[in-house]
Amino acid sequence: MLDASTTGNAISINNVGCAYQLGERIVRGCTASFARRRIAAVLGPNGRGKTTLLKLLIGVMKPLEGDITSQGEIAFVPQMFDTAFNYTAVEMVMMGRAKRLGLFSQPSRNDLDLALAMMDRFGIASLANHPFDSLSGGQRPLVIFARALVAEADIVILDEPTSAFDLQNQTVVLRWMCRLAETEGLTVIFTTHHPHHALWVADDALLMMSHSEHEMGAAETTLTEPNLTRLYGTAMKRIVFEHDGRKIETLTSVFEPAS
């Protein structure tokens, strides 16, 4: 793990461009930095290159131009999925140890103990031998987060982590994302179609305005009504209200029925 006192950027990207085939870039001229021990949200409509950007960050794709530098081990958390095989929950967690094992090596007793200890931290140790596909919507993300941490990662990158869950389990995921940054000292980067989630948990936000125009800054000052209205092409409002004596701020789209 990175020293908790270390400051600076976990990942920096400079003038990066990428395309799936020769021709128009999916991402072009993107420059941004993701600070250590902070949460960053990446927002934009479908087709703007959010998932492509994540593939660049984790090294699955290589940029055609520009460069990306990272400081620390990266763990990737994909959108929730069903597995092709009937893996148990603890087997799913131990997959996070794959990079630590030699070619053709089998997990050791130490790897199993680490996986079980991490599941215990997430309160799911009792589910170790349950089939992953049998777990509830609230349990699956905890298994995936445990897998990311057992990999001893410094940076966790998540692709639309709340997309498959109901409101209650979305809250579970968002709270654990905060804990990963605040308690574990990790850098967290996630894509989302929910700007209010970004406002709630992110320190920084990257808005993918177009394939070639990107705006990044502190979430508080970047997630403005004009920016988001322009980003999504629909009116957005930032609303403040009180709940249990606390001021709460959220974002919502404005639905205007056709006349």
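How are α4 and α5 oriented to each other, roughly parallel or roughly antiparallel? The axes of α4 and α5 come within 10 Å and cross at roughly 15 degrees, and the two helices are therefore roughly parallel to each other. Angles under 35 degrees count as roughly parallel, over 145 as roughly antiparallel, 65 to 115 as roughly perpendicular and the rest as oblique. Axes are lines fitted to C-alpha atoms, for helices over the stretch in contact, with angles from 0 to 180 degrees between N-to-C directions.

The model is predicted, with local features requiring pLDDT of at least 70 and side-chain atom pairs counting only at pLDDT 80 or more, whereas totals for chains, interfaces and linings use all residues. Residues are numbered from 1 along each chain as its sequence is written, and side-chain values use heavy atoms, with hydrogens and water left out.

**Helix packing**

Helices (H or I, at least four residues) and strands (E, at least two) are DSSP runs numbered from the N terminus. On the α4 side, Pro141, Leu142, Phe145 and Leu149 meet Val172, Val173, Trp176, Met177 and Leu180 of α5, where contact means heavy atoms within 4.5 Å. Helix α3 (residues 109–121) also packs on α4, their axes coming within 9 Å and crossing at roughly 130 degrees, which makes α3 oblique to α4. Leu114, Ala115 and Met118 of α3 form this contact with Ala146, Leu149 and Val150 of α4.

**Nonpolar cores**

The largest nonpolar core holds 54 residues, of which Phe122, Phe145 and Leu223 touch the most other members. Helix α4 (residues 140–150) supplies the largest share of this core, 8 residues. A nonpolar core is a set of buried Ala, Val, Leu, Ile, Met, Phe, Trp, Tyr and Cys residues joined through side-chain atoms within 4.5 Å; buried means under 20% relative accessible area, exposed over 50%, and partly exposed in between (1.4 Å probe, protein chains only). Beyond its neighbours within four places in sequence, Leu223 is in contact with residues including Leu43, Pro195, Leu207 and Leu251. Apart from the largest core lies another, of 22 residues, among them Ile11, Val16, Cys30 and Ala32.

**The three-stranded sheet**

An open sheet is formed by 3 strands in the order β2-β1-β4, with antiparallel pairing; two strands pair if DSSP finds at least two bridges between them. Because β2 (27–35) and β4 (65–70) stand at the edges with a single partner strand each, one side of each is left without a neighbour in the sheet. Neighbouring strands are turned by 10 degrees against each other on average, direction ignored. Strand β1 (residues 9–18) pairs with β4 over 5 bridges, and isoleucine 13 has isoleucine 68 as its bridge partner in β4. Helix α1 (residues 50–58) lies across β1, β2 and β4, running at about 120 degrees to β1.

**Loop residues**

Three loop residues around β6 can be set side by side.

| Residue | Loop | Relative accessible area |
|---|---|---|
| Glutamate 152 | between α4 and β6 | 33%, partly exposed |
| Glutamate 160 | between β6 and α5 | 15%, buried |
| Aspartate 166 | between β6 and α5 | 45%, partly exposed |

Glutamate 152 has a phi near 60 degrees, a positive value in a residue other than glycine, and glutamate 160 has a positive phi of about 45 degrees although it is not a glycine. The C-alpha atom of aspartate 166 is separated by 25 Å from that of arginine 48, the two residues being 118 residues apart along the chain.
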